[in-house]
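Got a minute to look at a model together? Here is a quick tour of its cysteines and its main pocket.

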Amino acid sequence: MLANKHYLTQAAVQKILEAADQYAAKHKLAVTIAVCDEGGHMLGLIRRDGCAPLSAYIAQEKARTAAMGKRETLVYEEIINNGRHAFLSAPHVSGMLEGGVNIEVDGHTIGAVGVSGVKSAEDAATAKAGIAAIL
């Protein structure tokens, strides 16, 4: 028997982007917000005015890493900061900075939001504000 699967619709992606963008505007954060599916494929992106172009790449990688790893990217940053530098050689993982948050529904990761441009904790808070709009 085949299982039913939750996934991010385009409408849900828009809600995430709008809520995260509103949060960023309220807190005057110049960030990029990226949303991807569980395989790390980009579904939407906003680069707010004044945000450094590099942040667009970093936000996407944070989202991909959180989605494919099924956990927040903060976990990877902590692993590395605690001395496991060999983890830097893990394949297909390059967004190992706080600010990538996986979207979990019924115990399954269905995608992620990655934010980059300000302090890492503010990036993560922006991502969580976006996710809250659909959960």
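What follows covers the cysteines, then the pocket and what lines it.

## Ground rules

Keep in mind that this is a predicted model.

## Cysteines without a partner

If you go hunting for disulfides here, you come back empty-handed: searching the whole structure turns up 0 of them. Take Cys36: the closest cysteine sulfur sits in Cys51, 17 Å from its own, and that is too far for a bond. A disulfide would need the two sulfur atoms within 2.5 Å. Seen from the other end, Cys51 is in no disulfide either, with the sulfur of Cys36 as its nearest cysteine sulfur at 17 Å.

So are these cysteines buried or exposed? Cys36 counts as buried because its relative accessibility is 0%. Cys51 also lands in the buried class, this time with 6% relative accessibility. The cut-off for buried is under 20%.

## The largest pocket

How much space does the largest pocket hold? About 230 Å³. Its lining is made up of Asn4, Lys5, His6, Glu38, Lys70, Glu104, Val105, Gly107, His108, Thr109 and Ile110.

Which strands feed into that wall? Both β3 (100-105) and β4 (108-116) chip in with at least two lining residues each. The largest share belongs to β4, with 3 residues.

## Chemistry of the lining

Sorted by class, the lining of the largest pocket splits into 5 polar, 4 charged and 2 nonpolar residues.

Technical notes
Residues numbered from 1 in each chain as written. Predicted model: local features only at pLDDT ≥ 70, side-chain atom pairs only at ≥ 80, totals over all residues. Heavy atoms only, no water. Buried < 20%, exposed > 50% of the residue type's maximum accessible area, 1.4 Å probe, protein only. 1 Å grid on protein atoms, 1.4 Å probe; cavity = no way out; pocket = protein on both sides within 12 Å on 5 of 7 lines; lining within 4 Å. Points joined across faces, edges and corners; volume = space filled by probe spheres on them. Helix = DSSP H or I, 4+ residues; strand = E, 2+ residues; numbered from the N terminus. Nonpolar A, V, L, I, M, F, W, Y, C, P; charged D, E, K, R; others polar.
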